[in-house]
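Visitor: I am new to this structure. Please take me through a single part of it closely, and then show me what lies around that part.

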Amino acid sequence: MATVGIRDVRKRFGNFEVLHGVSVDIADGDFVVLVGPSGCGKSTLLRMLAGLENISAGEISIGGRVVNTVPPKDRDIAMVFQNYALYPHMTVFDNMAFSMKLAGAPRNVMEQEVGRAAKILGLETLLERFPRQLSGGQRQRVAMGRAIVRNPQVFLFDEPLSNLDAKLRVQMRSEIKELHQRLKVTTVYVTHDQIEAMTMADQIVVMNHGIIEQAGPPLALYDKPANIFVAGFIGSPAMNLVDGVVKGGVFRTPDGTPWPLPPGTNAAPGPVTYGIRPEHLRLDPEGMPALVQLVEPTGSETQVLFRLGETQFSGAFRERVTARPGDMLRVGPDPALVHLFDKATGQRI
């Protein structure tokens, strides 16, 4: 296990800069998720950490040792890829033991380490099978087992669940989190799926256009997003965001619809962006009239798309909503859960 330090790291491809001075401190044993939209630089940063991409500027350290010029094989890391990268002509045992075989490990040591990893991952009965005889989830576990037998200081995961179906993704993210809790190895995990980030991470690093928008514990990012980008990215369904003005102690949309401000707000009169999560809207007989446009029951909740004046909002309600498109509902936000952002800078007020 080891700490990971990323200091003012930049990456250029020719004249195009992909990463703009990224700095992250990862504590020993932490599970850190790099999350963001496609093209934000998260996979490039992971590959630089692995030594698969050169660093244009800055410094990366693992366990206190600067590794900018250290070859990947000497960084004491193990990487799990999206496409599993298993050798099709080798058995599960041989795939998992391959790095140890290259290092000249004795057969009894390979059997011991592979057996330990196979027991952790539930692969004991599959060691003589070939990859073509395995399901997608089993192949991913083999790829993880190959990483475990190396006893690395740091695990690196590059979107490992993207090729799996929805049910298997849920199962595998639980298994990866449980594996981390058991091994306590520092882990850096890249994904574009914010649900994966929220459910798995000790710390989330939200990236956008090669910079870090916000870093912190999952619920801290959910409860207090630093800016409009994080507010719209973290949370599913996404936060409702609407531009308007603070006037007379309330927020008003462009059509004049009034919305309550959070208690003790220090927002000065003027233009702001108002944010409220769909799950923080309430069905309220005294609330504002909303025209229902779409109803999507999911079982545990009902998601409703509606219009308040000229503004479109979405709500997520635990109650059974029987309304149909064209009906009117009365809704209102919980003022204590409202977010305000500076319209010019996008930063939280």
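Guide: Start at a turn. β4 and β5 form a hairpin, with two residues between the strands. G63 sits in that turn, and its phi is positive, about 60°. Keep in mind that this is a predicted model.

Look at the two arms of the hairpin. β4 and β5 pair in the antiparallel sense, over two bridges. One pair of partners can be named: I62 has R65 of β5 as its bridge partner.

Now step out to the sheet that holds the hairpin. It is an open sheet of four strands, in the order β2-β1-β4-β5. The pairing is antiparallel. β5 (65-66) stands at one edge, and β2 (16-26) stands at the other. Each has a single partner strand, so one side of each is left without a neighbour in the sheet.

Move from β4 across to β1. These two strands pair in the antiparallel sense over five bridges. Find R7 here: its bridge partner in β4 is E59. Then go on to β2. Strand β1 covers residues 4-13, and its antiparallel pairing with β2 runs over eight bridges. I6 is matched with V24 in β2.

A helix lies against this sheet. Helix α1, residues 42-50, packs on it and touches β1, β2 and β4 (57-62). The direction of α1 makes about 115° with that of β1.

Stay on β1 for one more detail. D8 is found in this strand. Its phi is near 50°, a positive value in a residue other than glycine. Compare the turn of the hairpin, where G63 also has a positive phi.

What does the record say about this stretch of chain? UniProt, in an unreviewed entry, places the feature "domain: ABC transporter" at residues 4-234. In the model, that span is 37% helix and 26% strand. Its end C-alpha atoms lie 25 Å apart.

Next, the pockets. The largest pocket holds about 520 Å³ of space. Its lining counts 18 residues. I77, M79, F81, S99 and R150 lie nearest the centre. Three elements give two or more residues to this lining: β6 (77-80), α2 (92-102) and α4 (136-148). By class, the lining has 14 nonpolar residues, one polar and three charged.

The second largest pocket has about 240 Å³ of space. Here 15 residues form the lining, and K224, A336, V338, H339 and R348 lie nearest the centre. α7 (218-223) and β19 (339-342) are the elements that give two or more residues to it. The classes are seven nonpolar, four polar and four charged.

Follow the chain to a peptide bond worth finding. S236 and P237 are joined by a cis peptide bond, with omega about 0°. P237 lies in a loop, between α8 (228-233) and β11 (240-247).

Finish at another sheet. This one is also open, with four strands in the order β17-β16-β15-β18 and antiparallel pairing. Which strands stand at its edges? They are β17 (311-317) and β18 (328-333). Each has a single partner strand, so one side of each has no neighbour in the sheet. On average, neighbouring strands here are turned by 50° against each other, direction ignored.

Take a last close look at one pairing in this sheet. Strand β15, residues 281-297, pairs with β18 in the antiparallel sense over seven bridges. L283 stands opposite V331 in β18.

To retrace the path, go back to the hairpin. Begin at G63 in the turn between β4 and β5. Cross the sheet in the order β2-β1-β4-β5, read from its far end. Then look for α1, packed on that sheet.

Technical notes
Residues numbered from 1 in each chain as written. Predicted model: local features only at pLDDT ≥ 70, side-chain atom pairs only at ≥ 80, totals over all residues. Heavy atoms only, no water. 1 Å grid on protein atoms, 1.4 Å probe; cavity = no way out; pocket = protein on both sides within 12 Å on 5 of 7 lines; lining within 4 Å. Points joined across faces, edges and corners; volume = space filled by probe spheres on them. Nonpolar A, V, L, I, M, F, W, Y, C, P; charged D, E, K, R; others polar. Pairing = 2+ DSSP bridges. Contact = heavy atoms within 4.5 Å. Axes fitted to C-alpha atoms, helices over the stretch in contact; angles between N-to-C directions. UniProt positions renumbered as here; feature names shortened; annotations may be inferred.
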